Amino acid sequence: MGADSEESAAQWLVVGLGNPGAEYAGNRHNVGQMVLAELADRASAPFRSHKTNSMVAEGRTGLEGPRLVLAKPNSFMNLSGGPVAALMRFYKIPAERLIVVHDELDIPFDTLRLKSGGGHGGHNGLRDIISAIGTPDFIRVRVGVGRPPGRQPAADFVLRDFSSAERTVLPNLLADGADAVEMVAREGLTAAQQRFHSPA
């Protein structure tokens, strides 16, 4: 195995889903990109514009840990697939080392769930990624944002900022999301599931 293939074998592509632009930055729908910002801060890795229509930061999980390519597509959520497919080609990363971090309505706020494969569950970002890369078999870090109150449409709910009460807890949730990504890359999905799916 040559140096290039060894390097790519040690790399993970971590994609945080969201919408571009300051007006969306604090939305529930952008929590995946918020987790990536936490990961980039930990690695002291600045995001830079990349030719795959993404903002990319590259770093490691700790001094000796696996390399992470952290990517935030510049496209809107429902067009995430093109940038993700381009990133996988550019960095030669297969689907089994793709981690997508995204908001999840079906999970209570301040809760994480991790899985590999499955459908898109109505999430437009996941739907477009599955279509573009031709497989659902990648790892998802699902960050719970909960269900909208009353009769509020889900589409409106996810495009609103977190409430003031939620924002007091949000830093811990983002840290947990970053911990989950790092643990998947270091120890594998099963170990991360055992930690984050167990009652605290």
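## Helix H2 and what covers it

In this predicted model, the buried residues of helix H2 are Val-31, Gly-32, Gln-33, Met-34, Val-35, Leu-36, Leu-39 and Ala-40. The cover over these buried residues includes strands E1 (11–16), E3 (54–60), E4 (67–73), E5 and E7, together with helix H6 (164–187).

H2 runs over residues 31–42, which makes 12 residues. At 1.5 Å a residue the helix should span 16 Å, and its end C-alpha atoms are 17 Å apart, so the two values agree. Just after H2, Ser-44 has a positive phi of about 50°.

## Strand E7 and its partners

Strand E7 covers residues 139–144, and six of its six residues are buried, so the strand is largely enclosed by the rest of the structure. The burial applies to both faces: Ile-139, Val-141 and Val-143 lie on one side, with Arg-140, Arg-142 and Gly-144 on the other.

Which strands pair with E7? Strand E5 (residues 98–104) runs parallel to E7 and is joined to E7 by six bridges. Within this pairing, Asp-103 stands opposite Val-143. Strand E6 (residues 112–116) pairs with E7 in the antiparallel sense, over five bridges. Here Leu-114 has Val-141 as its bridge partner.

## Strands E2, E3 and E4

Strand E2 (residues 48–50) pairs with E3 in the antiparallel sense over three bridges. Ser-49 has Met-55 in E3 as its bridge partner. E2 and E3 form a hairpin with three residues between them, and Asn-53 in the turn has a positive phi of about 60°.

E3 also runs antiparallel to E4, and seven bridges join these two strands. In this pairing Ser-54 stands opposite Pro-73 in E4.

## Two alanines in helix H6

Ala-180 lies in helix H6. Its relative accessibility is 0%, so Ala-180 counts as buried, the limit being under 20%. Leaving aside neighbours within four places in sequence, Ala-180 is in contact with Leu-112, Leu-114, Val-141, Ala-192 and Phe-196. Two of these names have appeared above: Leu-114 and Val-141 are bridge partners. The C-alpha atoms of Ala-180 and Met-55 are 21 Å apart, with their positions 125 residues apart along the chain.

Ala-185 also has its place in helix H6. With a relative accessible area of 10%, Ala-185 is buried. Outside its neighbours within four places in sequence, Ala-185 is in contact with Trp-12, Pro-66 and Leu-68. The C-alpha atoms of Ala-185 and His-102, 83 residues apart along the chain, are separated by 17 Å.

## The largest pocket

The largest pocket has a volume of about 360 Å³. It is lined by 18 residues, and the closest to its centre are His-29, Gly-122, His-123, Asn-124 and Val-158. Two elements give two or more residues to the lining, namely E5 and helix H5 (154–158). H5 gives the most, with three residues.

What classes of residue make up the lining of the largest pocket? The lining has six nonpolar, eight polar and four charged residues.

Conventions: Residues numbered from 1 in each chain as written. Predicted model: local features only at pLDDT ≥ 70, side-chain atom pairs only at ≥ 80, totals over all residues. Heavy atoms only, no water. Buried < 20%, exposed > 50% of the residue type's maximum accessible area, 1.4 Å probe, protein only. Helix = DSSP H or I, 4+ residues; strand = E, 2+ residues; numbered from the N terminus. Pairing = 2+ DSSP bridges. Expected span 1.5 Å × (residues − 1). Contact = heavy atoms within 4.5 Å. 1 Å grid on protein atoms, 1.4 Å probe; cavity = no way out; pocket = protein on both sides within 12 Å on 5 of 7 lines; lining within 4 Å. Points joined across faces, edges and corners; volume = space filled by probe spheres on them. Nonpolar A, V, L, I, M, F, W, Y, C, P; charged D, E, K, R; others polar.
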